[in-house]
Number of protein chains: 2
Amino acid sequence: MNKQLLLNKRPEGLPDEDTWKYVTKPIPEPKEGEVLIQHHYISLDPAMRGWMMDRKTYIPPVEIGEVMRAGAIGKVLKSNNHPTFKVGDCIVSWGGVQEYEITNGENCYKVDDSIVPMPKYLGALGMPGMTAYFGILEVGKIKEGDIVLVSGAAGAVGSLVGQIAKLKGCTVIGIAGGKHKCDYLINELGFDAAIDYKTENLYEALNDKCPKGIDVYFDNVGGDILNAALSKLRLNARVVICGAISQYNNKKDIIGPSNYLSLLVNRATMQGMVVLDYTENYHKAAQEMGMWMMQGKLSSKEDIYEGINTFYETFLRLFSGDKMGKLILKVI
Amino acid sequence: MNKQLLLNKRPEGLPDEDTWKYVTKPIPEPKEGEVLIQHHYISLDPAMRGWMMDRKTYIPPVEIGEVMRAGAIGKVLKSNNHPTFKVGDCIVSWGGVQEYEITNGENCYKVDDSIVPMPKYLGALGMPGMTAYFGILEVGKIKEGDIVLVSGAAGAVGSLVGQIAKLKGCTVIGIAGGKHKCDYLINELGFDAAIDYKTENLYEALNDKCPKGIDVYFDNVGGDILNAALSKLRLNARVVICGAISQYNNKKDIIGPSNYLSLLVNRATMQGMVVLDYTENYHKAAQEMGMWMMQGKLSSKEDIYEGINTFYETFLRLFSGDKMGKLILKVI
């Protein structure tokens, strides 16, 4: 049988347990040209909160009654004459929160889990890794000597953004919640400084840690942190809008950045990014990221929770911050 | 004697009459290498409000007791061996709100008022013209077929932005206050549509006038209009932040655009601009703008009020909107 998580209603504010429901259905058979994949790991990402809203963003919303969309990695159990995927192949897909999926292979790709363990393909070598890579290099346009500030810095994307910026010769300051995460940024990831937004005054901390201002701000959180960062922009600074996790569960309008005129004064640019725009070049990025990982220059943490039944409590860790690195659900 | 307007105190909110004071001083003599210029016209611009705040922006603030900074145009009355400026030359300068100035010619340039009347050199061929030209072409990066929305559309900058965009084959929608201005946009400047923000619901009007969304939004006003415009961005849209006149007299924090995540969803860019960055290419822009004017392709209005004594009431027209086109003070 295939256990699936369906979207049950559209949440207002933080999702509650009624937001989704589990159903169990027979495992379907692949038709001609299709494969059956058994999921091993499911990716939990802040973007999923956005897909639950009843509005088209960069991707259609998940409809009520549909399997909750999510990235997944698993193995081919059966192939009905699929042209390239064979039984036993390890496949990354948009398989959703369920134990099995049938696919014709569209938007799926094969990876080798004998070289790299599966969870990394959902993290540093998956969507968060690609987001960090293209976000900081192509949108942030970092160059040696830049001062780079990143929020959500201990998260799946932020931790990689900061490390890539360090590899490129930038000074990197990370914003994260709690001493444990801040210590991790400095001691394990090699950031130059860290700001604990839960205990520090943001404006004072930014004056202290970025006295010369910021050339690039990579924003995963929005809200007060984005606003404070805008107040520290240098001439021709770039602000990468990758996410706004502090605002996703707002019941009212989100908070706009009142310091946005810093863009004018500093001739700065604030640009949004969606990683799906870069799919054609994923292979190039994954190759470089993989090389850095093998050389010990890029490190990533996956925070893995077990059982499709724990989806709800695990998903909420994205918003409470009670996790470290890439959040993943282990299905088998 | 030289009548001067000095900054007397820093205003909170809308400036009052005490914000400035007049003084009368003897007309000074130019030293070696300097000229004495008699101002004919003084430029009144929204940016002046920003220069009165006690903080460095892209230019130092006007200090208390200093002559109020302003663009000006006038004629050389005396030259004490200035290398290039001769008596009778017509000069555009940052001479400030006063009847005469002494200068060594730095940041000044000579123009020919026998070809074009002086006020145009403060408008379409001056700072507002350069702002419009570089803002819409280099920051807005318009191309044929783009849908362009401009706020403050009947103003000195906005009216030119829209006309340049029309010349480049764009569809242009202007936002202005009042039927008179909206009629002007359509009937005299050739805009495709106009929205009267004083009487229309912005979101409904944008849905009606820009049903396909916006490729470029040129913002002179900030506040609710910026926010509404963000809700209509198309993929890869560009937002040019040129000014925020609706916010300059706020006593509290300015309002940030709560719809800024439209930048993310649409992979759009919001970029600030300051015209002073383009001084090296002013001559090229002025040449092209001048050609368009002579060919009857670009029209501009100057709204001229007489007497340095009317500065205060005239200046406030910038914020009440009770003016048409470029606001100018005629000094003699």
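These legends describe close-up views of a predicted model with chains A and B.

**View 1. An open sheet of 12 strands draws on chain A and chain B.**
The order begins β10(A)-β9(A)-β8(A)-β11(A)-β12(A)-β13(A). It continues as β13(B)-β12(B)-β11(B)-β8(B)-β9(B)-β10(B). Strand β13(A) is thus followed by β13(B) in this order. The pairing is mixed. Two strands form the edges: β10 (193-196) of chain A and β10 (193-196) of chain B. Each edge strand pairs on one side only. From one strand to the next, the twist averages 15°.

**View 2. Strands β8 and β9 of chain B run parallel.**
Strand β8 covers residues 147-151, and strand β9 covers residues 171-176. Five bridges join the two strands. Look for B:V148, which stands opposite B:V172 in β9(B).

**View 3. Helix α5 of chain A lies across two strands, β9 and β10 of chain A.**
The helix spans residues 179-188. Strand β9 spans 171-176, and β10 of chain A spans 193-196. Helix α5 runs at about 170° to β10(A).

**View 4. A:V148 sits in the largest nonpolar core.**
This core has 201 residues. A:V148 and B:V148 are the residues with the most contacts inside it. Which residues does A:V148 touch, not counting residues up to four places away in sequence? They are A:I142, A:A165, A:C170, A:T171, A:V172, A:D215, A:V216 and A:F218.

**View 5. A rotation of 180° superposes chain A on chain B.**
The shift along the axis is 0.0 Å. The RMSD is 0.0 Å. The two copies are thus related as by a two-fold rotation axis. Which residue of chain A comes closest to the rotation axis? That residue is A:G256, with its C-alpha at 2.2 Å.

**View 6. Chain A and chain B are in contact.**
The contact involves 26 residues of chain A and 26 residues of chain B. On the side of chain A that touches chain B, two elements give two or more residues: α8 (262-265) and β13 (269-272) of chain A. Strand β13(A) provides the largest share, four residues. Why do the copies meet through the same surface? They do so because 100% of the interface residues of chain A are also interface residues in chain B.

**View 7. Helices α3 and α9 of chain B cross at roughly 95°.**
Helix α3 covers residues 127-139, and helix α9 covers residues 282-294. Their axes come within 10 Å. The crossing angle makes α3(B) roughly perpendicular to α9(B). From α3(B), the residues that meet the other helix are B:G129, B:M130, B:Y133 and B:F134. Their partners in α9(B) are B:Y282, B:A285 and B:M289.

**View 8. A:N107 has a positive phi in a loop of chain A.**
Its phi is near 60°, and the residue is other than glycine. The loop lies between β6 (100-103) and β7 (109-111) of chain A. Is A:N107 buried or exposed? A:N107 counts as exposed, because it has 12 C-beta neighbours inside 10 Å.

**View 9. B:K141 has a positive phi in a loop of chain B.**
The value is near 50°, again in a residue other than glycine. This loop runs between α3 and β8 of chain B. With 15 C-beta neighbours inside 10 Å, B:K141 counts as partly exposed.

Definitions and conventions: Residues are numbered from 1 along each chain as its sequence is written. Chains are lettered from A and ligands numbered from 1 in the order in which they are written. This is a predicted model: local features need pLDDT of at least 70, side-chain atom pairs count only at pLDDT 80 or more; totals for chains, interfaces and linings use all residues. Two strands pair if DSSP finds at least two bridges between them. Axes are lines fitted to C-alpha atoms, for helices over the stretch in contact, and angles run from 0 to 180 degrees between N-to-C directions. Two residues are in contact if their C-beta atoms, placed from the backbone, lie within 7 Å. A nonpolar core is a set of buried Ala, Val, Leu, Ile, Met, Phe, Trp, Tyr and Cys residues joined through C-beta atoms within 7 Å. A residue is buried if 20 or more other C-beta atoms lie within 10 Å of its own, exposed if 12 or fewer, and partly exposed in between; C-beta atoms are placed from the backbone. Copies are superposed by least squares on the C-alpha atoms of residues with pLDDT of at least 70 in both. Angles under 35 degrees count as roughly parallel, over 145 as roughly antiparallel, 65 to 115 as roughly perpendicular and the rest as oblique.
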